[in-house]
Every structure is written in structure tokens, then in C-alpha cells.
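Q: I am new to this structure and would love a close look at one part of it. Could you walk me through it in a friendly way?

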Amino acid sequence: MKVAVLGAGTMGHGIAQVAAMAGHEVTVRDVEGEYVRGGLDAIEENLRGGVERGKVDSETMAETLGRLAGTTSLETAVTDAALVVEAVPEEMRLKRETMREVERLVDAETLLATNTSSLSVTEILSALDRPERGVGLHFFNPVHLMSLVEVVVAEQTDGETLAFAREFVDEVGKTAIEVRDSPGFASSRLGITLGCEAMRMVEEGVASATDVDAAMELGYNYPMGPLELGDVVGLDVRLDVLEYLREELGERFRPPQVLKRKVRAGKLGAKTDEGFYRWEDGEKVGVSDEAASR
């Protein structure tokens, strides 16, 4: 089937890659040609890395790339698509507008999915005339490596849509968990709680960032500590999610001051080369001065 992915960034190109690897024809759409090219280049780089590590064969890489197309035209991307997955920036207004515009261009049977990590799927879908055909599909970064997808059931999602969504998740080789639409769903709510407490511990001088992360990596077998993960996700994204959860669920999600300071200073994590750690070309090379002190 044809799948349209709206947004060629980290999540968008990852979703496009796994869908194409599963045999679907995929069109990636973004607002600028350079963004589209960057997303397609990232997919090729991921696949090439898989070939070099023996995880992907050359034939699979070639077939996957052959199923991918890119465009800046929304109409071109979504025409004849059985599934449209929006992966635009995490802004409610933008997601609602995108969904509303897509609905005008697709068939009544087309399933519309949002990859939001924390926003209300019910509110996003309320912009639609046919909200029963909408659902949340929350993939995890990096999409081609992470096995989990949260299937978020909105108030409007009907049984046929839910079944279609779960089947798609299975087809792309992921494991689905079904979550009722609520602030932060399951993963973001739990993950942000741990990350928030880790930041408070650094802020209070309980332990350094490296020691807090080591506690979870070595004591609980986490593949990555909560502070390093925050840097990878983006501290600005962490702050946005916390502010949303605070508004919806109360003061237990109040953002730590250390997080606010770093975001105000433009220290957003790996993408700006500094957060709780120092980064070069996406690799952790040290710890920030503030996070190292106790």
C-alpha cells in the first residue's frame, strides 16, 4: 500500500524507512526541498550503516530506496495513500491544521495517524470531519532500531481504525502497546518523570550527571541514562512536554530550574553540542560544567 509521511526530520524519515523496508511505497513530504533531501539522505545513511554491520543486505537496501520518494507537495504525497502519518513539529495548532488539510485531499477510507509523543490525540483529531479514521502512532527514536510503538486510542477512534493501525505496526516489525489517550500516554509520562527527577538530583547536588546516569545504566540495566537521553531527545522538547503535563496533570510535573536555564541558554543537548553533556557530531565527548558539579 502507499504510505505518506509528513515531515522528513528524525521521526519522519525513520517512520518512512521502516515502512519502505516492510514493502510499502512511501512518499516523504516536507515544506522545503532541502529538508526532504536531508531525510532521504539520512535513510540511505542508516541503510548503508546496516549493510556495513551485516544487519541489512545490499538487495534490501536497494529495494527499500526504490520504494521511497520525496516531495514538497502535500497533495502529491497523500494522493492514493492508504495511511498518512504526520510527524510535523510538536505544536497543537500545526498538527490540527495539517490533519485538516490532509483530510480535504484524501479518500474517506484513508487512515490518518499522528506521531505526537504527548499531545492529546483526541484534540488533534477533533479538527477532522471524520475523526473516527484517526489514531495515534507514537514511534520511538531511532525508529529503525526501537521496537515499540504506542497505538494511542482517541475518544473518536473506531474499531476498524484501531485494527488497521495494529496491523500496520506488526507489518513494519514493531511491537504495539495500546494506550488510551491521556496526557503523556504511557511512555512519555513515565520517561519524563524519571528524567525530571534526575535533573532535580543534579540541581540539588545529590550526584553528578554521569553518576546519576550510571546508577540507572548499571543498577537497572538501562541502555542510556535519563540525562543523556534528555540530551539526545532535546532539552527544549523535554521542557515543552513537562509544561504541557504540568498544565494537564499538576505541579508534580513542574520543570526543574536547571532545565529552564539550559533551554534559555540554548544548550539543548546533542543538537547544539551541549546540554547536560558536551557533544561533537552526535557523539558524547564530556560533561557540562554545571552537570559535573556536586
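In which sense do strand β2 and β3 pair, and over how many bridges? Please also show me the sheet around them.

A: Happy to help! Keep in mind that this is a predicted model. Strand β2, which covers residues 25-29, pairs with β3 in the parallel sense, and the two share 4 bridges. To find the spot by eye, look for Val26, which stands opposite Leu68 in β3.

Now step back to the sheet itself. It is an open sheet of 8 strands, and reading across it gives the order β3-β2-β1-β4-β5-β6-β7-β8, with mixed pairing. At the edges stand β3 (68-71) and β8 (175-180); each has a single partner strand, so one side of each is left without a neighbour in the sheet. On average, neighbouring strands of this sheet are turned by 25 degrees against each other, direction ignored. As a general point, strands of a sheet pair through backbone hydrogen bonds, either parallel or antiparallel.

A helix also belongs in this picture. Helix α5, made of residues 92-105, lies across β1 (2-6), β4 (83-86) and β5 (111-114). Its direction is at about 165 degrees to β5.

To finish, here is a place on the surface. Leu229, Val232, Val233 and Val237 make a nonpolar surface patch of about 250 Å². Helix α10 (residues 226-233) gives the largest share of this patch, 3 residues. Val237 sits in helix α11 (residues 235-249), and Val237 is partly exposed, with a relative accessible area of 32%.

Terms used
Residues numbered from 1 in each chain as written. Predicted model: local features only at pLDDT ≥ 70, side-chain atom pairs only at ≥ 80, totals over all residues. Heavy atoms only, no water. Patch = residues over 30% accessible without salt bridge, like charges linked within 9 Å, V, L, I, M, F, W, Y side chains within 5 Å. Areas by Shrake-Rupley, 256 points an atom, 1.4 Å probe, with all protein chains shown as cover. Salt bridge = Lys/Arg side-chain N within 4 Å of Asp/Glu carboxyl O. Buried < 20%, exposed > 50% of the residue type's maximum accessible area, 1.4 Å probe, protein only. Pairing = 2+ DSSP bridges. Axes fitted to C-alpha atoms, helices over the stretch in contact; angles between N-to-C directions. Contact = heavy atoms within 4.5 Å.
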